[in-house]
Amino acid sequence: MNPKKLGLAAALAVSVSTAAIAEEQVVNFYNWSDYISPEILENFTKETGIKVNYDVYDSNEGLEAKLMAGGSGYDVVVPTGSFLERQVQAGIYAEIDRSQLSNYDNLDSVMLEKISRHDAGNKHNVPYAWGTIGLGYNVDMLKERLGDIPVDSLDIIFKPEIAAKLKDCGITLLDSPAEVVAIALNYLGLDPNSEKKADLKKASKLLKSVRDNYRKFDSSGYISDLANGDTCVALGYNGDVLQAQGRAEEAGQGVNIGYSIPKEGTLVWFDLLAIPSDAPHKQAAHKLIDYILKGESAASISNFAYYAVANKAAEPMVLEEVLNNPGIYPSDEVKANLFPQNAHAAKFDRLLTRTWSGIKTGR
Amino acid sequence: MSTPTGSAWVDGSGSRLTKFNFIRRVNWGRLSVVSVPTLWLAIFFFIPFLVVFKISLSESAIAVPPYTSLLEWDLEESYLNLKLNLGNYLYLFEDTFYIDAYLSSIKIAGISTVFTLLIAFPIAYMIARSKPSARGLLLALVILPFWTSFLLRVYAWMGFLKKNGLINEFLLGAGIIDQPLIMLQTDFAVYIGIVYTYLPFMVLPLYSALEKMDMTLLEAAEDLGSRPATSFFLITVPMAMPGIIAGCMLVFIPAVGEFVIPSLLGGSDTLMIGRVLWDEFFLNRDWPMASAVAIVMLIVLVLPIMLIRNSQGKEEAI
């Protein structure tokens, strides 16, 4: 151990001991925007006396940069599975102490099993919500251009002859290389998590062949574009598309938005609660997580954010319109076709980003 | 990177002007006057630069922070190992993608700077020639947009430029076009965004140069039979040159590293180095590589500008 590290360790020891005295009063919660109903946090403070400092972010990349720089000061964060996977490798998360979580048994064991692909034994995470990437579309515009066909296949964005018919009304894809390439690989019948150069080339060839028909690659603006009728097909997150649907209904301009999970299969993602290893209030963090695991809390999250929760105790309290929406809670048959996206090696990430820039800019 | 370089240059040129006026009259103030900007530059430019430079010579690692340290103590052998990784810089030249991105950024920034100058010059000229009592108000109008958030103003442009936005509605309504123009998510929108955002940075130095101009010079030229256009290019433009150069630098330098405007107004195929930097940092999680991209951008920008300033300094000495 070098002198600098010794000093750091001493400083840490001091801060840990002061933290132990000051514990139980606050918890710093860093979550995605529009992802929790405010009354959950209010009720938590009422019941436990712990003040919640609530802060939001809108990208995994932003969260990761903060956590990797160290000393973020957050107690609970909500990374997506593939990000958590790599962050666990970097050792930035504390192990979850299940003895402090009385409601852990509420969780759906089938989902826990799937999530453990990201984090062996789910030692560092507790599931928060999950969802899919699929096709958000403008029902009338598509009918006008493609006729009365079911919108359930990725053909409409990956087959040049079909995509060309939709070029004028606008196709957008998520600006997320790992996720879109995984979906493209799966569409081609290849392993979606393949790190083979040849496979990546095939996916790139597919995307380049339809690139001219895409308006843009965009991860947030498509919500309002769909709602306003500026875009007719978007490959996006289910919750975002449902949000666009809600907005379009509110606006009452006759824009009708649909969401479908493609029959070829698509990516399923999990947002996971985790505690950074340098979190100053670990006990309070466990209390907050346990509170979120309660059936009522989880149901309220699902009803508010229109995402599925992997919480069995919540199901009876989830609104019928949410629970019966196949875009939020798909059938077991559809579920079998979903695949998670694993974290990639740094070398492959570099190749992927470079290929993605090539697809976007035509270079 | 755009902000620290930008502000450093603002301060550099500003301090230089005050320094010149000041020293002639009051010699004792020299040290204190020079030390403030020097300290500022050291704290807000030079030290961050060294930190970034240091990171650019390391290797990325899955750790906190996500790069290796350059110095390693070997206590048993009492060695201090210094490990420098130049691979990041070499990689920049292996793949033409980075050079394309630099060139494309310089092109977008250059064209935007020219248009900013063309629009700002008449504005600055008008303000400098208006009644002294009106100048304060006119300058305030130039600065007024800064009172609203920059992001909000860029979003406002999205409202103007989009397919069913104000401009298209107006042109369609007036019967000038019958198909909405696609303006948003094009390079055209990026140019508009940059010119609009940076206009005050061009107007202000131009105004301060033009305001000091001696009007009798133009009268003398006219008396001697010079046409207005000739007088403009032979007298007004050279006299405004310090303002033109300062204004162009204030616009060009931050525009090269601009990230927000191209990502909001530009298309997915608008290639700028700010975006490449973002990808390196956030998608590849390669802080050393991102640092190398930033350092090279700084060198590409700073070297030619220092050469210009040097030759200017020599002219002033003559």
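This report walks through a predicted model of two chains, A and B, from the domains of chain A to some local backbone features.

**Chain A and its two domains**

Let's start with how chain A is divided. The domain assignment splits chain A into domain 1 (3-125 + 274-330) and domain 2 (133-268 + 342-361). Between the C-alpha centres of these two domains of chain A there are 29 Å. Where they meet, 11 residues of domain 1 of chain A are in contact with 10 residues of domain 2 of chain A. On the domain 1 side of that meeting, α4(A) gives the largest share, three residues. Sorted by class, that same side has five nonpolar, two polar and four charged residues.

**The cores**

What sits between the two domains of chain A? The largest nonpolar core does, because domain 1 and domain 2 of chain A both give residues to this core. It has 100 residues, and the members that touch the most other members are Val76(A), Val181(A), Val233(A), Leu272(A), Leu273(A) and Leu288(A). Helix α9(A) supplies the largest share of this core, at eight residues.

Leu273(A) is a handy residue to click on here. If you ignore its neighbours within four places in sequence, Leu273(A) is in contact with Val76(A), Val78(A), Asn125(A), Val126(A), Tyr128(A), Ile289(A) and Ile292(A). There is also a second, separate core of 57 residues, with Ala101(B), Ile127(B), Ile192(B) and Tyr198(B) among them.

**A helix pair in chain A**

Back to α9(A), and to its partner α10(A). Helix α9 (residues 177-187) of chain A and helix α10 (residues 197-210) of chain A have axes that come within 9 Å and cross at roughly 95°. That crossing makes α9(A) roughly perpendicular to α10(A). From α9(A), the contact uses Val181(A), Ala184(A) and Leu185(A), which meet Asp199(A), Leu200(A), Ala203(A), Leu206(A) and Leu207(A) in α10(A). By class, the residues of this contact come out as seven nonpolar, no polar and one charged. Val181(A) turns up in both settings: it is in the α9(A) part of this contact, and it is one of the core residues touching the most other members.

**Where chain A touches chain B**

How many residues of chain A are in contact with chain B? The count is 26 residues of chain A, facing 23 residues of chain B. On the chain A side, at least two residues each come from α3 (60-69), α4 (81-89), β6 (216-217) and α17 (346-361). Helix α17(A) makes the largest contribution to that side, with eight residues. The classes on this side of chain A are eight nonpolar, seven polar and 11 charged residues.

**Chain B in outline**

Chain B has 13 helices and two strands. Of its 318 residues, 31% count as buried. Among contacts in chain B between residues at least 6 apart in sequence, 70% join residues at least 24 apart.

Two helices of chain B are good places to look at the outside. Helix α9 (residues 215-223) of chain B is hardly covered, with a count of zero buried residues among its nine. In helix α7 (residues 166-173) of chain B you'll find Phe170(B). Is Phe170(B) buried or exposed? Phe170(B) is exposed, because it has 12 other C-beta atoms within 10 Å, and the cut-off for exposed is 12 or fewer. From Phe170(B) to Gly247(B) is 77 residues in sequence and 34 Å in space, C-alpha to C-alpha.

**Backbone oddities**

A few positive phi angles are worth a look:

| Residue | Phi |
|---|---|
| Tyr306(A) | about 60° |
| Arg285(B) | about 55° |
| Gly225(B) | about 95° |

Tyr306(A) is not a glycine, and it lies in the loop between α14 (295-305) and α15 (320-323) of chain A. Arg285(B) is not a glycine either; its loop runs between α12 (273-283) and α13 (287-317) of chain B. Tyr306(A) is buried, with 24 other C-beta atoms within 10 Å. Arg285(B) is buried too, with 24 other C-beta atoms within 10 Å. Gly225(B) comes just after α9(B).

Finally, a cis peptide bond joins Val64(B) and Pro65(B), with omega about -10°. Pro65(B) sits in the loop between α2 (30-56) and β1 (71-74) of chain B.

Methods: Residues are numbered from 1 along each chain as its sequence is written. Chains are lettered from A and ligands numbered from 1 in the order in which they are written. This is a predicted model: local features need pLDDT of at least 70, side-chain atom pairs count only at pLDDT 80 or more; totals for chains, interfaces and linings use all residues. Axes are lines fitted to C-alpha atoms, for helices over the stretch in contact, and angles run from 0 to 180 degrees between N-to-C directions. Helices (H or I, at least four residues) and strands (E, at least two) are DSSP runs, numbered from the N terminus. Angles under 35 degrees count as roughly parallel, over 145 as roughly antiparallel, 65 to 115 as roughly perpendicular and the rest as oblique. Two residues are in contact if their C-beta atoms, placed from the backbone, lie within 7 Å. Ala, Val, Leu, Ile, Met, Phe, Trp, Tyr, Cys and Pro count as nonpolar, Asp, Glu, Lys and Arg as charged, and the others, Gly among them, as polar. A nonpolar core is a set of buried Ala, Val, Leu, Ile, Met, Phe, Trp, Tyr and Cys residues joined through C-beta atoms within 7 Å. A residue is buried if 20 or more other C-beta atoms lie within 10 Å of its own, exposed if 12 or fewer, and partly exposed in between; C-beta atoms are placed from the backbone. Domain bounds come from an automatic or database domain assignment.
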